[in-house]
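The following exercises concern strand pairing and nonpolar packing in one model. Please work through each task with the structure open before reading its solution.

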Amino acid sequence: MDQRVHVPIDDPNADTEWNDILRKHGVIPEKPPSPTPIIEEALQEAIKRAHEERLEGKDLDELDELEDEEDEAFLEKYRKQRVAELSTITQASIYNQVYPLQKPDYARDVTEASHKAYVLVHLTSSLGTNVESQLLTELWRELARMFGEIKFCEMRADLCIEGYPERNTPTILIYRNGDIQKQLVTLRELGGQSTTLEELQRLLVDIGAVKDNDHRVSRSRHTEPGPKKLRDSKKNTTVDDDDDDWD
């Protein structure tokens, strides 16, 4: 009967000639592949992507400032790209203001209009003491001037929906293709009374109304926390379970 021989192994993971012999005869398992090449490849890919996208989001003036640092042909390519983007934005910018709504015209001015563009409705408070509603009214005007291809509207909540709870204002309704795509009840999912223009820009990017690399979106968008998961109105159309009578 063959007697089992004990083979001394100091470190089965070491790169030694002895271990290579043991692996060849199946005494110890093959050494797993080193993750270093994979990590290095991913790092190089990230560096390459960052270099290729270094001009993303820069406007024409910023591109001009880089003339001494970048290849002229490369810069010219991006200048043409920016000019084309600006032309497209200019042609699509047909709104550029906040539109007050009347209930009889709501279907035409909001639902039907959303087949042509994103329509965002701010249901305002009826009280002059609602800080969030006042803040959103100011930010709404800024957004309307910046993103003229999006239709921004405003209407007092209780005039739009009879019995709408004051505590649920301001409410943002986002329409596209004839349906409510998203809704935010108050600004607590953004920044509350500290909501910034950057957070609302991030909202526009998240819903697909604006591209992430749009030069109009603040550079700080990558460091600002995005809004929490938005409520899907198709799954949950009731704002407050205790107020079923306002709908």
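**Exercise 1.** Determine how many bridges join strand 1 to strand 3, and whether the two run parallel or antiparallel.

*Solution.* Strand 1 (residues 98-100) and strand 3 are joined by three bridges and run parallel; strands are DSSP runs (E, at least two residues), numbered from the N terminus, and two of them pair if DSSP finds at least two bridges between them. Within strand 3, Cys153 lies opposite Tyr99.

This is a predicted model, in which local features need pLDDT of at least 70 and side-chain atom pairs count only at pLDDT 80 or more, whereas totals for chains, interfaces and linings use all residues. Residues are numbered from 1 along each chain as its sequence is written, and side-chain values use heavy atoms, with hydrogens and water left out.

**Exercise 2.** Identify the bridge partner of Leu120 in strand 3.

*Solution.* Strand 2 (residues 119-124) runs parallel to strand 3, with six bridges between them. Leu120 has Phe152 as its bridge partner.

**Exercise 3.** Establish which residues touch the most other members of the largest nonpolar core.

*Solution.* A nonpolar core is a set of buried (under 20% relative accessible area, 1.4 Å probe, protein chains only) Ala, Val, Leu, Ile, Met, Phe, Trp, Tyr and Cys residues joined through side-chain atoms within 4.5 Å. The largest has 25 residues, and Leu120, Ile150, Phe152 and Leu204 touch the most other members. Helix 6 (131-146), strand 4 (171-176) and helix 8 (197-206) each supply at least two residues; helices are DSSP runs (H or I, at least four residues). Helix 6 gives the most, namely six.

Key:
Buried means under 20% relative accessible area, exposed over 50%, partly exposed in between (1.4 Å probe, protein chains only).
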